[in-house]
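Please look over the chain shown here. The report below goes through selected local features and then the chain as a whole.

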Amino acid sequence: MTQTDLPLDGIKVIDLGQYIAGPGAAMILGELGADVIKIEPLSGDQSRHTGSYGASIVKTYNQNKRSIAIDLKNPQGRDVATRLISSSDVLIQNLRPGAAERLGLGAAAMCGLQPRLVYMSVSGFGTTGPAADRVGLDIAAQAESGLMSVTGDPDGLPQKVGVPIIDAATTHVVAQAVLTALLRRERTGRGSVIETSLLQVALSLQASNFTDYLTRGVEPHRTGNGQPNNAPAAELVTTKDGIIVLSAYAEDHWARFCRLFGKAHLIDDPRFRTNEARVANRKDLRIALADMLSDFTSDDCVDLLTKNQIVAGVVRSYRSARESAAVDATGIFRRTQDGRTPSYETLGLPYRFADIPSQEPRPLPTIGEDSEDVLRSAGFDDDRIFELLASRIVAST
């Protein structure tokens with residue numbers, strides 16, 4: 001298979017982003033065959049300077065890219081960036097509010113030069129309203145969207161989700177929006193200006209919760225494990241050797257569950273006869289569930305429940321998840337390298353084309369590793385490239 005077999009072959013993307021949301025979306029497009037050029041400051045993406053977790057962000061979200069390091073505070077540097085953007089199909093940026101405009105790289109200016117450009121902006125809180133100027137990160141969106149208010153134990157403090165879930169979800173939202181705009185461009189010949197925010201994505205992830213609140217007027221609250229209106233649903237149950245999560249709140253599922261574990265008498269127990277009764281008596285229900293599963297291993301429980309069409313899963317650590325045969329069978333993990341260190345394992349796209357084999361990712365670039373190549377492919381001659389490098393308007397490693 002060749003590069004031309006990939007869906008986005010021939011599409012050029014400028015990644016003018018930092019951290020996860022923008023770079024992650026650009027990485028997805030690169031996985032699909034786009035030529036992604038990451039424009040970094042001379043010191044590099046801020047993630048390169050935020051410890052081991054920042055290094056993991058770089059390794060995860062900056063594969064399949066070429067890096068050029070440009071001093072965008074210098075007018076000549078901005079001219080270089082403008083020239084690269086004007087010959088591109090897509091620009092993705094999640095700089096601080098107003099930063100792109102102050103650099104002369106905002107949507108109006110760039111789309112004026114390149115009417116077919118898909119210009120995608122990601123902000124923390126949107127570009128209108130009282131929070132438009134606020135810097136936003138994943139955790140702020142989790143807090144202000146209501147997500148933290150429904151996460152955690154009922155008697156404890158609100159909790160953040162254990163991963164930067166809003167940033168990660170935004171990478172896919174942005175990629176979807178860009179792909180839609182590219183399809184529209186094929187039909188109309190026109191580019192697009194698209195905006196999203198971490199706050200919007202955080203709200204969207206809670207759509208069913210908000211619909212329930214807006215229709216019934218009842219605020220959702222923290223319930224810890226388990227769903228507030230169904231039982232047993234998303235319930236954690238201790239087994240002989242660990243913990244599983246299960247859902248068996250439909251009446252036929254509950255009856256089947258009780259019979260499987262030799263507790264048919266609980267089907268007609270007044271405390272558990274209906275879903276509403278089980279919700280009202282959740283404390284007693286949890287005691288009964290633990291008693292039912294205490295002699296079974298987690299794997300045995302999940303195997304038995306799965307064979308009987310009841311949803312269940314083993315609660316795994318990262319190590320256990322990586323060693324799981326089901327996880328390994330997805331093929332999402334792969335080996336890659338950054339050009340300087342031994343190869344390491346990371347993740348690819350969470351879907352596969354049936355007729356496109358898995359691709360070896362392009363090694364992670366160092367800051368400005370591809371500067372000369374990018375400039376040359378954009379039509380800069382050797383003398384001008386030498387001048388830009390010598391004056392540190394552009395850096396190369």
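## Gln309 and its loop

Gln309 sits in the loop between helix 13 (298–307) and strand 9 (311–314). The model is predicted. Phi of Gln309 is near 60°, which is a positive value in a residue other than glycine.

Is Gln309 buried or exposed? Its relative accessibility is 59%, so Gln309 counts as exposed. The cut-off for exposed is over 50%.

## Arg392, another positive phi

Arg392 is also a residue other than glycine with a positive phi, again near 60°. Its loop runs between helix 17 (382–390) and strand 12 (394–395).

Arg392 has a relative accessible area of 46%. That makes Arg392 partly exposed, because partly exposed covers the range between the buried limit of 20% and the exposed limit of 50%.

## A cis peptide bond at Pro232

The peptide bond from Ala231 to Pro232 is cis. Its omega is near -15°. Pro232 belongs to the loop between helix 9 (207–216) and strand 7 (235–238).

## Asp45, a buried loop residue

Asp45 is in a loop too, the one between strand 2 (35–40) and helix 2 (51–61). Its relative accessible area is 1%, so Asp45 is buried.

Which residues does Asp45 contact, leaving aside its neighbours within four places in sequence? They are Gly17, Gln18, Tyr19, Pro23, Lys38, Glu40 and Asn62. One of these, Pro23, is among the buried residues of helix 1.

## Helix 1

Helix 1 spans residues 21–31 and is mostly covered. Eleven of its eleven residues are buried. Ala21, Gly22, Pro23 and Gly24 are among them. So are Ala25, Ala26, Met27 and Ile28. Leu29, Gly30 and Glu31 complete the list of buried residues.

Just after helix 1 comes Gly33. Gly33 takes a positive phi of about 110°.

## Helix 1 against helix 7

How do helix 1 and helix 7 pack? Helix 7 covers residues 165–188. The two helices pack at an angle of about 50°, and their axes are 8 Å apart. Helix 1 and helix 7 are therefore oblique to each other. The angle lies outside the roughly parallel range, under 35 degrees, and outside the roughly perpendicular range, 65 to 115. Helix 1 passes helix 7 in a right-handed crossing.

On the helix 1 side, the contact uses Ala21, Gly24, Ala25, Ile28 and Leu29. On the helix 7 side, it uses Asp167, Thr170, Thr171, His172, Val174, Ala175, Val178 and Leu179. The residues of this contact divide into eight nonpolar, four polar and one charged. The helix 1 residues in the contact, including Ile28 and Leu29, are buried.

## The chain as a whole

The chain has 17 helices and twelve strands. Along the principal axes, its C-alpha atoms fill a box of roughly 85 × 45 × 45 Å. Of the 397 residues, 44% are buried.

How much of the contact set links residues 24 or more positions apart? Such residues account for 68% of the contacts with a separation of 6 or more. The accessible surface of the chain comes to about 20200 Å². Carbon and sulfur atoms hold 53% of that surface.

Note on methods. Residues numbered from 1 in each chain as written. Predicted model: local features only at pLDDT ≥ 70, side-chain atom pairs only at ≥ 80, totals over all residues. Heavy atoms only, no water. Buried < 20%, exposed > 50% of the residue type's maximum accessible area, 1.4 Å probe, protein only. Helix = DSSP H or I, 4+ residues; strand = E, 2+ residues; numbered from the N terminus. Axes fitted to C-alpha atoms, helices over the stretch in contact; angles between N-to-C directions. Parallel < 35°, antiparallel > 145°, perpendicular 65-115°, else oblique. Left-handed = near helix turned anticlockwise from the far one by under 90°. Contact = heavy atoms within 4.5 Å. Nonpolar A, V, L, I, M, F, W, Y, C, P; charged D, E, K, R; others polar. Areas by Shrake-Rupley, 256 points an atom, 1.4 Å probe, with all protein chains shown as cover.
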